[in-house]
Structure formats: C-alpha cells, structure tokens
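Q: I am new to this structure and should be grateful for a close look at a single part of it.

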Amino acid sequence: MLIKQLSIFLENRKGRFTEVAKILGDAGINMSAFTVSESSDFGILRLIVSDTDRAIEVLREQLYAVSITDVVCLYCPNRPGALAKAMDIITGAGIFIEYMYAFAQGDSAHVIIRPDDVGRCADVLTANKLTLLAASDLYKL
Amino acid sequence: MIWNETIECMEREEMRKLQGIRLKRVVEHAYYNTPFYRRKMQEEGLSPDDIESIDDITKLPFTVKQDLRDTYPFGLMAVPMSEIVRLHASSGTTGKPVVVGYTRKDLSIWSEAVARCLYAVGLTRNDAVQVSYGYGLFTGGLGLHGGVEKIGGTVIPMSSGNTQKQIQLMHDFGAKALACTPSYALYLGETIKESGIPREEFQLKTGIFGAEPWTESMRREIEESLGIKAYDIYGLTEIIGPGVGSECECQKGTHLWEDHFFPEIIDPKTLLPVAPGEPGELVFTTLTKEGMPMIRYRTRDLTALHHEKCGCGRTAVRMDRILGRSDDMLIIRGVNVFPSQVEAVILGLPEFEPHYLIVVDRVNNTDTFQIQVEVRPDYYSDEINKVMALKKKITMQMQSVIGIQPEIKIVEPRSIERSMGKAQHVIDNRKLV
C-alpha cells in the first residue's frame with residue numbers, strides 16, 4: 001500500500017513550477033496531489049502523479065533533479081476527530097512524521113503521510129483497520 | 001621515458017653555465033634588436049656587458065603584460081617580420097590581445113619542449129593523441145599538435161567543442177591520450193558517462209591538461225571519471241605556449257625546461273627573489289627565443305620551485321601546482337580569496353558536482369560573496385532539512401578554508417555553464433569608485 005512520491009528540486013525563480021506543470025501536461029500525466037515546501041532560495045515540489053515512471057523520464061530529460069520517496073495515503077472520513085484517531089495510532093507506535101499533506105472532498109478526506117519508517121507505519125495503520133489507498137485508487141479519485 | 005636526457009638530466013652546475021651563456025646571448029639580441037628592451041636597460045644604466053652569468057639576471061628590469069599591449073602588435077619582435085613564420089594571440093578578455101611571433105627556430109624549440117612533456121607522461125610514436133585544445137590563435141591546439149608530430153605520434157586534431165563527436169572519435173580512433181583544459185576533461189567524463197558507452201571500450205590512458213589552474217582533488221576527480229592518469233602541462237602564450245614544462249610519471253611537480261625558459265620566483269610586493277623553495281610569483285626569461293624574446297616576464301602565477309633531483313632521474317627544476325594568480329586573487333571583505341580554494345573544497349565533497357560559480361558584488365558598501373553549486377543527483381532529497389544540511393556543511397568548510405563565510409546557493413542541475421575551454425569561475429560585479 002505504498003505510493004511513490006516524486007520530489008523535485010526547484011530554485012526560487014519565477015515560472016519554475018509552471019514549467020514543471022507544463023512538461024507533465026504535455027506528456028499527458030495528471031497530478032493527483034502535490035505540496036511545495038520552501039526555504040529562502042529553493043523549494044521542493046512533492047507530487048503524486050498518474051504515471052510515475054514516465055514523469056521521472058520526462059523530467060530528467062529536462063535535467064530536473066527528481067528523487068522518489070515511498071509515502072502512504074490514508075483514507076479518513078471528513079469529520080471532526082477522525083484524523084486525531086489516526087495520528088494517535090501512529091504516534092503511539094513511536095513513528096515520527098517528517099511531513100504530511102491532505103485534501104478533502106465531500107464526505108471523505110485523504111492524507112498523504114511521509115513517516116520516518118514507512119513500512120511500519122503502513123502495517124500499524126492497517127492492523128488498526130484504517131484504510132490505505134493503493135496508487136491505482138488514488139489516481140481514480 | 002626521457003626525450004632529451006643530456007639536457008633533462010644535466011648536472012645543476014653545468015645547467016647554470018649553459019643558462020649563463022644563453023642569457024648573455026638573448027640579452028644582446030634583445031638589446032640590439034628591440035628599442036623597448038634597449039630603452040629599459042639604459043634607464044637602469046645597464047648594457048649587455050653587465051651580464052656574465054645566470055646570477056646576473058636579477059639586474060635586469062621586469063617585463064609585464066601591459067608592455068605587450070603598449071607595443072601592440074609587433075613592437076617586441078626582435079627580428080624582421082620576414083623571419084616570423086607564425087603569429088599567435090591570447091584571448092585578450094581585457095583590452096587588446098597579446099600577440100606573439102615565432103621564427104622557424106622558435107617553432108622547433110616549441111615542439112622540442114612539447115616532445116619532452118609527452119615523453120615525460122609516457123607517450124611515444126605508438127600513441128594517438130586527441131588534441132582538444134582550441135586550434136587557431138590560441139597556442140594550445142597547434143602547440144600540442146607540433147609536439148605530437150615531433151615524437152612521431154598520431155595527432156587527432158579535434159580542437160575544442162562538439163563534445164559528442166569528441167567522444168565518438170576518441171572511441172573509434174582509439175585515442176591513447178587526451179590533451180585539453182582540466183574543466184573540459186571533467187565535462188567530457190560526464191558526457192561519456194551519460195552516453196552509455198562502457199569505459200572499457202575506450203583506449204584512453206593518459207590526460208595532458210593545462211591552460212588553467214587546477215587542484216589535486218580535481219586531478220583525482222578526472223582520473224576517476226575518465227579512468228586515466230592525469231598530468232599537468234604548463235605554458236603561457238607570452239613565453240611560447242603549452243610545453244614550458246610538464247609533470248613526469250612521478251606526479252611530483254611540473255618539470256620546467258629551464259635550458260629554454262629560465263624560471264625565477266619573486267615576492268610580488270618587493271619584487272626581490274624569495275628564498276629557495278618559498279612560494280611567490282613566477283617570472284620567466286626565454287633563453288633561446290629569437291622572434292620575441294621575453295626578459296623577466298612576470299607571469300602573475302603563484303608557485304614555488306624545487307631543485308632536488310626527481311625520482312624519474314630528471315634534474316630539471318620542478319614547480320609546485322599553481323596556487324592561483326596574483327591578479328586572479330579576489331579581495332572580498334579584505335580577505336584574499338583564490339578560486340582554487342573554493343574548488344578544492346567542492347571537489348572534496350562527494351555530494352556536489354565539480355562545477356561552481358563565484359559571484360561577488362557590493363551592496364550597501366559591503367561585499368557579497370556567493371558560491372553557486374549543484375548537488376549530485378543521488379544526494380537530492382524530498383526533505384528540505386537534508387538539503388539545508390548539505391548547504392550548511394559546505395558553508396562551514398568554505399569558511400574554515402577561506403576565512404570568510406560565503407552564501408551558498410544550490411542551483412538546479414546543469415545551471416552552471418560547462419566550459420569548452422577555460423572555465424569562467426568568477427563574476428565580479430563590484431563597481432569600485
């Protein structure tokens with residue numbers, strides 16, 4: 001239930017993200033989720049796309065620095081307290097979260113989590129009857 | 001292997017005698033045939049009769065690059081132009097180019113000097129040498145070319161640029177040696193890796209690199225990336241071009257062919273000779289050149305000389321790696337900074353590509369000092385913290401080596417321009433009033 005996330009190093013310059021979006025668009029690749037984390041002179045764009053291998057190929061062709069990280073995508077009902085319950089399980093298992101990002105739609109919400117130990121995090125969550133999305137599910141959303 | 005054993009292994013005292021005889025001859029030649037040298041010597045109250053041995057060289061006035069510009073184009077020629085068979089010129093990024101003229105004999109001395117360099121790095125008539133220095137006014141291409149022909153090797157006269165073709169012909173023609181600038185060698189190594197042709201399919205064993213200062217760590221980088229032994233060849237247009245000296249198989253300093261090009265080291269401030277083995281500015285006098293003799297030419301290159309016999313058997317004086325140039329040196333916030341120091345730090349860190357750009361500016365009367373670097377693909381991360389940690393690591397190392405803290409800017413892959421010839425490592429935007 002692990003999902004491949006792409007991380008792209010971008011200088012803080014006008015139009016860098018636009019160019020990435022355009023390259024992916026031209027290659028017919030869809031972005032399911034993304035987040036940008038920035039420092040004073042550069043940013044890291046993290047994204048989950050419909051065709052990871054192809055995305056890496058087209059981005060590297062254009063000389064982008066792309067790295068791949070395994071993350072989990074947790075399904076969670078879109079209501080008060082639902083996320084707290086999941087977080088409690090993760091923290092209780094002694095797993096540290098490097099970063100996470102989320103999107104909600106109607107009754108459901110999805111949280112992408114990058115823990116320090118991704119394998120164990122997935123195990124703990126499934127053992128506690130929480131739903132993790134496979135890559136294929138995520139692209140259908 | 002030694003090309004000219006009599007000269008290259010000559011006893012020191014005998015060499016000094018030879019140098020003394022030749023110095024006297026070249027000073028006479030310059031004095032009687034060049035108004036410039038005659039006037040300068042007369043101003044010091046000197047005549048050729050004051051030169052009796054090589055020790056008398058310190059009596060003579062210096063020549064500097066500006067003198068070549070002031071006498072542009074042919075003011076320093078000591079023979080009629082009918083005797084000059086070839087001209088070369090330096091790139092002249094500031095002001096007029098520097099022009100040099102060679103007689104037929106000068107060309108033969110030049111190829112003799114390069115032949116010694118090629119033998120010193122183990123090349124013979126059985127080897128093909130790819131000359132990837134620029135051909136043309138620049139001395140690099142044609143200089144190496146003449147030397148390879150002299151030893152009877154096979155020249156592949158590629159010139160610079162067209163990197164894909166360079167690699168293809170290096171592969172197809174079985175080049176045994178590559179001659180180019182060290183920064184271009186790095187670029188070729190990178191491009192070969194990307195081309196996917198296995199390194200074993202190349203015959204390349206030896207590199208002869210020069211025309212810009214480079215470091216020990218850059219040597220290791222090139223040797224690793226191309227799978228070769230990399231040697232320094234030294235030279236400058238004003239003296240003859242590449243081939244003034246080169247390393248031997250011991251890689252323990254660059255042997256200078258001091259029977260033709262007499263080296264001295266001076267303190268660039270007091271202009272007095274330094275103690276033997278001490279670093280300072282390198283000064284050359286051409287002892288045999290006819291077309292355009294150079295008397296005590298200040299190279300601005302900073303190095304030291306060693307006269308002990310080398311493990312290869314040569315007695316020819318050895319020069320340390322060029323530490324920098326007395327005019328390349330940047331003064332940033334009052335601190336002397338050499339690009340070679342920046343380069344040494346970068347090459348010592350496997351996380352970074354061996355390319356960099358120093359950008360200096362002045363904002364609110366304070367110097368800004370930025371170094372742009374690229375992170376190697378394997379070291380990029382999805383976490384800001386990890387990239388910041390890399391940045392901190394290189395910043396600390398730079399500070400400890402240079403003495404002031406630079407602003408490190410990590411740029412996207414391939415943003416720093418790869419050079420085909422001499423790499424541009426510094427942009428100084430300071431406007432001093």
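What is the order of the strands in the open sheet of chain B, and what is the pairing?

A: The model discussed here is predicted. In chain B, nine strands form an open sheet with mixed pairing, and their order is β4-β3-β5-β6-β7-β8-β9-β14-β13. The edges are occupied by β4 (154-156) and β13 (305-306) of chain B; each has a single partner strand, so one side of each is left without a neighbour in the sheet.

At the β13 edge, the pairing can be followed to individual residues. β13(B) pairs with β14(B), residues 318-319, in the antiparallel sense over two bridges. Within β14(B), B:R318 is the bridge partner of B:H306.

A helix also lies across this sheet. Helix α6 of chain B, residues 139-151, lies across β4(B) as well as β3 (128-131), β5 (177-180), β7 (229-236) and β8 (241-247) of chain B. With respect to β8(B), helix α6(B) runs at about 60 degrees.

Chain B also touches chain A, in a contact that takes 14 residues from chain B and 16 residues from chain A. On the side of chain A that touches chain B, β1 (2-11), β3 (42-49) and β4 (66-77) of chain A each supply at least two residues. β1(A) gives the most to that side, with four residues. By class, this side of chain A has six polar, five nonpolar and five charged residues.

As background to that partner, chain A has six strands and five helices, which follow the pattern β-α-β-β-α-β-α-β-β-α-α along the sequence.

Definitions and conventions:
Residues are numbered from 1 along each chain as its sequence is written. Chains are lettered from A and ligands numbered from 1 in the order in which they are written. This is a predicted model: local features need pLDDT of at least 70, side-chain atom pairs count only at pLDDT 80 or more; totals for chains, interfaces and linings use all residues. Two residues are in contact if their C-beta atoms, placed from the backbone, lie within 7 Å. Ala, Val, Leu, Ile, Met, Phe, Trp, Tyr, Cys and Pro count as nonpolar, Asp, Glu, Lys and Arg as charged, and the others, Gly among them, as polar. Two strands pair if DSSP finds at least two bridges between them. Axes are lines fitted to C-alpha atoms, for helices over the stretch in contact, and angles run from 0 to 180 degrees between N-to-C directions.
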